[in-house]
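Welcome! Have a look at the protein below, and then we will walk through it together, one part at a time.

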Amino acid sequence: RLNKTYSPGDNILIILDADERRSQPKMSTPTRGPFQITRVHNNGTVDIRRGNVIETINIRRIKPYHN
């Protein structure tokens, strides 16, 4: 696993878990996003803004977004 230090303002993709992927067509993308990080916590979670909601997500469920 590559170490990545996230910071506020970085764009990320959310990796969908198996239950979320089951309801989608086979050839659809396994990620959602990009979303922008608003805050980084010390316990391995980040806050992102999804619409009007700020959501806390573990860093194991995200990957960096490269345009």
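How many bridges join β1 to β2? There are four of them, and the two strands run antiparallel. Please keep in mind that what you see here is a predicted model.

## The sheet

Let us begin with the overall layout. Five strands make up an open sheet, and their order across it is β4-β3-β2-β1-β5, with antiparallel pairing. At the edges you find β4, covering residues 53–58, and β5, covering 62–64, each of which pairs on one side only. From one strand to the next, the twist averages 45°.

It can help to pick out residues that face each other across a pair of strands. In the pairing of β1 with β2, I12 stands opposite F35 of β2. Three bridges hold β2 and β3 together, and these strands also run antiparallel. Here V40 stands opposite V46 in β3. Between β3 and β4, again antiparallel, there are six bridges, and I48 stands opposite E55 in β4.

## Two hairpins

Now trace the chain as it leaves one strand and enters the next. The strands β2 and β3 form a hairpin with four residues between them, and G44 in this turn has a positive phi of about 90°. The hairpin of β3 and β4 has two residues between its strands, and there G51 takes a positive phi near 75°.

The loop between β2 and β3 also holds N42. Is N42 buried or exposed? N42 is exposed, because its relative accessible area is 87%, and the cut-off for exposed is over 50%. N42 and R32 are ten residues apart along the chain, and their C-alpha atoms are separated by 24 Å.

## The nonpolar core

Which residues build the largest nonpolar core? There are nine: Y6, I12, I14, F35, I37, V46, I48, I57 and I62. The elements that supply two or more residues to this core are β1 (11–15), β2 (31–40) and β3 (45–50). As general background, nonpolar side chains in soluble globular proteins tend to be buried together.

One core member, I37, makes a nice example to follow. Setting aside its neighbours within four places in sequence, I37 is in contact with Y6, S7, P8, G9, D10, I12, V46, D47 and I48. Among these partners, Y6, I12, V46 and I48 are listed in the core too.

## A buried threonine and a partly exposed serine

Next, find T31, which lies in strand β2. T31 counts as buried because its relative accessible area is 18%, and buried means under 20%. Apart from neighbours within four places in sequence, T31 is in contact with L13, I14, I15, L16 and K63.

For a contrast, move to S28, in the loop between α1 (18–22) and β2. Why is S28 described as partly exposed? Its relative accessible area is 31%, so S28 falls between the cut-offs of 20% for buried and 50% for exposed. The side chain of S28 reaches the backbone oxygen of P25 at 2.8 Å. S28 and N11 are 17 residues apart in sequence, and the distance between them in space is 21 Å, C-alpha to C-alpha.

Methods. Residues numbered from 1 in each chain as written. Predicted model: local features only at pLDDT ≥ 70, side-chain atom pairs only at ≥ 80, totals over all residues. Heavy atoms only, no water. Core = buried A, V, L, I, M, F, W, Y, C linked by side-chain atoms within 4.5 Å. Buried < 20%, exposed > 50% of the residue type's maximum accessible area, 1.4 Å probe, protein only. Contact = heavy atoms within 4.5 Å. Pairing = 2+ DSSP bridges. Axes fitted to C-alpha atoms, helices over the stretch in contact; angles between N-to-C directions. Polar contact = N/O pair within 3.5 Å; in protein donor to acceptor, adjacent residues only side chain to side chain.
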